[in-house]
Structure formats: C-alpha cells, structure tokens
Amino acid sequence: MMNSKNIYVLHFLGILLLLFVLFKISYNIYYYNYFYTIFWFCNFAALLLSIGIIFKFKSLVGAVFLASLPAQFVWFLDFLLYIIFGLGFGRTSDLFNESLFEFLLSVTFHIIIIPISIYSVIVYGLSRKSFMYAVTLFIFILLPLTYFLTPLQNNINCVFFPCDMSHAEFTDSQILSGLYFIFVLGFWSFISLSIYLMYNIFLKNKIKFVDD
C-alpha cells in the first residue's frame with residue numbers, strides 16, 4: 001500500500017505529530033516546570049513514531065505500533081468509564097479537574113497515537129525487527145530511565161507503584177525494595193511477546209511483514 005498519496009498523507013501526519021508532541025512537552029515544561037514529561041510513554045512513543053514516519057524507519061514505526069495498544073488500553077478503558085458512568089480506576093480522574101484546553105490536549109494526544117501507528121504500518125508494512133526495537137526502547141531503555149531519573153511522587157509510567165494506587169496505599173518497603181519495578185519489567189516483557197505473537201497469528205494476512 002506504499003503509493004505516493006499514502007506516503008504524502010503519512011508524512012503530513014508524522015510532521016503534525018512531531019509538532020504536537022514538541023508543543024505538549026514545551027507547554028508542560030514552561031507552565032509547570034515539568035521536565036520529566038518526556039519520560040511519559042505517550043510523549044516518548046509519539047516522538048519515536050514521528051521520527052520513524054518522517055525518515056521511513058519501519059522498525060521504529062512498528063515498535064510503537066506493537067507497544068501502543070497494550071500500553072494505553074487501560075488508560076482508554078478508564079477514560080471511557082469516567083465519560084459513560086462517571087467512575088473508573090482513578091488513572092484518568094485528574095484529567096477532569098484540568099482546564100478545558102489541557103483536557104482536550106491530553107485526550108487528543110492519547111487518541112491519535114494508535115490510529116497513526118496503525119496507518120503507518122499499513123503503509124510501510126511491519127518490520128520483522130519491530131519486536132526487538134519495542135522491547136529494547138520501551139522496556140529496557142524507557143522504563144529503567146524513568147525509574148532512575150524521575151521523582152517517585154510522579155510515578156511516571158507506573159514504575160514505582162501501580163498507577164491506580166496512591167503512594168500511601170503502596171508501602172515504602174515495597175517501593176524501595178525494587179521488587180515492584182522488577183515485576184513491571186517482567187510483566188511488560190510478557191505482554192510484548194504475547195502481543196507480537198498475536199499480531200503474527202491474526203494480522204499476517206492483513207499487514208505486510210517487511211525487512212527494514
């Protein structure tokens with residue numbers, strides 16, 4: 001499906017996404033001095049996806065495609081529960097206390113990553129190296145960097161304690177032991193492998209597998 005029209009549309013989306021994520025990061029840093037915002041999965045994934053699209057780096061595009069669905073599924077579920085029933089797990093509850101601009105900025109940003117990554121893989125194909133890139137970039141680079149370089153109270157990417165719990169509910173001994181972080185690495189390694197195998201089984205006749 002790599003014709004010139006699809007390539008132009010995809011490049012436009014890649015540039016738009018890059019500008020969007022740079023604006024979002026700059027906004028958080030300027031207004032809140034929130035320098036750790038780059039470590040959030042959605043920001044990190046959007047940067048990688050936009051770079052992958054613009055430079056036709058299929059492994060990078062495929063890595064975001066493989067990682068985005070499982071990583072954001074609970075966020076979407078929680079958000080929908082709040083919208084429909086007014087309750088959820090607590091993961092997105094703070095969104096509803098923000099200004100309309102910040103609410104729309106965050107929700108739009110979370111929503112667009114998955115469809116753009118799907119369209120990117122439809123156009124470019126899914127690189128056979130995508131799984132290796134996904135595991136390396138998101139599990140063995142992003143998560144450890146988040147754990148060692150970001151404040152515990154921010155709990156970015158849920159590396160210190162579960163996203164749907166507060167620090168008070170999760171004891172200091174559990175956090176400081178690092179056992180929960182080890183569990184996080186193992187959990188996402190298992191999920192990534194499962195998702196990759198499922199894609200191979202159910203999408204092998206729908207998406208072209210390519211070499212990068």
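Let me start with contacts: among those in the protein chain between residues at least 6 apart in sequence, 68% join residues at least 24 apart. Keep in mind that this is a predicted model. The chain averages a pLDDT of 87, and 93% of the residues score at least 70. By element, helix α2 has the highest mean pLDDT, at 96, and helix α6, residues 172–176, has the lowest, at 57.

Now the overall layout. There are 7 helices and 2 strands in the protein chain. In sequence order the pattern is α-α-α-α-β-α-α-α-β. The radius of gyration is 18 Å, close to the 17 Å that the globule rule gives for 212 residues, so the chain is as compact as a globular protein of that length. Along the principal axes, the C-alpha atoms fill a box of roughly 55 × 35 × 35 Å.

On to burial and surface. Of the 212 residues, 46% count as buried. The exposed area is about 11400 Å², and carbon and sulfur atoms supply 71% of that.

Next, the interior. Which residues touch the most other members of the largest nonpolar core? They are Leu49, Phe109 and Phe138, in a core of 44 residues. Six helices each supply at least two residues of this core: α1 (4–32), α2 (41–54), α3 (58–85), α4 (100–124), α5 (130–149) and α7. Helix α2 gives the most, with 9 residues.

Take Phe138 as a case. Leaving out residues up to four places away in sequence, Phe138 touches Phe41, Phe44, Ala45, Leu48, Ala63, Val64, Ala67, Tyr133 and Leu143. Apart from the largest core lies another core, of 12 residues, including Cys158, Tyr180, Phe181 and Val184.

That brings me to helix α7, residues 179–202. How far does α7 reach from its first C-alpha to its last? The span is 34 Å for 24 residues, close to the 34 Å expected at 1.5 Å a residue. The buried residues of α7 are Tyr180, Phe181, Val184, Leu185, Ser192, Ile195, Tyr196 and Tyr199. As background, an α-helix has 3.6 residues a turn, so residues three or four places apart point the same way. Three of those buried names came up a moment ago: Tyr180, Phe181 and Val184 are among the members of the core of 12 residues. Helix α7 is also one of the helices that supply at least two residues of the largest core.

Definitions and conventions: Residues are numbered from 1 along each chain as its sequence is written. This is a predicted model: local features need pLDDT of at least 70, side-chain atom pairs count only at pLDDT 80 or more; totals for chains, interfaces and linings use all residues. Side-chain values use heavy atoms; hydrogens and water are left out. Helices (H or I, at least four residues) and strands (E, at least two) are DSSP runs, numbered from the N terminus. The expected span of a helix is 1.5 Å times one less than its number of residues. Buried means under 20% relative accessible area, exposed over 50%, partly exposed in between (1.4 Å probe, protein chains only). A nonpolar core is a set of buried Ala, Val, Leu, Ile, Met, Phe, Trp, Tyr and Cys residues joined through side-chain atoms within 4.5 Å. Contact means heavy atoms within 4.5 Å. The radius of gyration is taken over C-alpha atoms; the globule rule is 2.2 Å times the number of residues to the power 0.38. Accessible areas come from the Shrake-Rupley method with a 1.4 Å probe; for residues, only the protein chains shown count as cover. pLDDT is the predictor's confidence in each residue, from 0 to 100.
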